[in-house]
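Hello,

Here is the structure I promised to pass on. Have a look at it first, and my notes come after.

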Amino acid sequence: MANVNSNAGALNGLRILDFSRVLAGPYATMLFGDFGAEVIKIERPGEGDDTRSWGPPWLGEDATYFLAVNRNKRSYTLDLKDDTARKELLALAQSSDVVVENFRPGAMAKLGLGYEQLSEINPRLVYCSISGFGSSSGSHLAGYDLIAQAAGGLMSVTGHAETGPAKAGVALVDIITGLHATIGIQTALLERHRTGQGQLVEVNLMSSVLSALSNQTSAHILTGAVPGLMGNAHPSVAPYQPFEAADRPVAIAATTNAQFVKLANALDLPQLVDHPSYRSNADRVAHREALAAELEHVLRKQTADHWFGVLSAVGVPCAPINDMKQAVELATSLGLDPVVYPEGKPDGVAQVRNPISLSRTPARYRTEPPGLNPEVGVLPKP
């Protein structure tokens, strides 16, 4: 666990006016805040961001969901339908570099805060709109991660034939969309550096999940193939799945012939190397069930950690299936320092380290996620 202090971040001086809530937008703006951007979070009076009430788990009276993605921000409580509040926001927009919002398409324009309105008073503004299904024919559809996982095909390839489709264990599409928003904003800022002009950035959950499905989406577009549920197996590689060890599963990804030879020898199964059913990856995919049975017969004799050590030592990619406690402990043992605390507050709210490492201007953890400001229309002091 680390307490990080450094000089001003890479994005120091960048002001972001953040109307987003829940996950995709707040995750994106937190990443900007980590690198020094000033993030002003606009919240509803009395309620704030939806995720303030999304618990358990709780840390005191705070939902850990909210705490996960809202560090390095200041909370500004405003009623967007109030004329005085809108005037304050217009003044803030004039001095901001970026606006991020994830209301339904058209909602901000009705409030006088859409891209067209704000770009008139600040032509340098980069305005990012995040939606569920885009701003055209799908603009009326609500955008939640579960709905995008279902509609976008992710659930159709996640799960087992025996039990049916399953959602990912985290709001994965929201996170991916947040990353796409971050890339889009950065791209627009770089272009603004050359031209002096801002622009509208649009990302949506549906397009993001189709892009993130990558080879699965591509396989359908190119060949018409419609992938289905394969559990933990890979459609194109074997062995590439979890196997039962003596205490818990261990995942193995032997993607090349050389790795398969190392795996077979490490398990004392040299006869598999020249077996006609396993000579190539295509052969192994065609006979994946028989191969898995032979491998698992040996793997069950030792613990997952035993095989993690043995197989990693000979260059076979593998890992036990860890719970969150084990995952954090492993990252800590590898020197990745996954847990950080606010600067000057070693007993403050623990946070997950920003995964991006910069050599000169690293991420900083300046402030804890803000409480909900009870004073409507009052910008809190830095």
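Below are some notes on the sheet and on the two pockets.

Please keep in mind that this is a predicted model, in which local features need pLDDT of at least 70, side-chain atom pairs count only at pLDDT 80 or more, and totals for chains, interfaces and linings use all residues. Residues are numbered from 1 along each chain as its sequence is written, and side-chain values use heavy atoms, with hydrogens and water left out.

Let me start with the sheet. Six strands (DSSP E runs of at least two residues, numbered from the N terminus) form an open sheet in the order S6-S3-S2-S7-S8-S11, with parallel pairing; pairing requires at least two DSSP bridges between two strands. Its edge strands are S6 (74-77) and S11 (200-204).

Now the pockets (open sets of points on a 1 Å grid over the protein atoms alone, where a 1.4 Å probe fits, with protein on both sides within 12 Å along at least five of seven lines; lining residues have an atom within 4 Å of a point). The largest holds about 1200 Å³ of space, as filled by probe spheres set on the points, which are joined across faces, edges and corners. Its lining has 39 residues, with Thr64, Tyr65, Ala68, Val170 and Val352 nearest the centre.

The second largest pocket has about 530 Å³. Among its 17 lining residues, Val157, Gly231, Asn232, Ala233 and His234 are the closest to its centre.

Best wishes

Conventions:
Helices (H or I, at least four residues) and strands (E, at least two) are DSSP runs, numbered from the N terminus.
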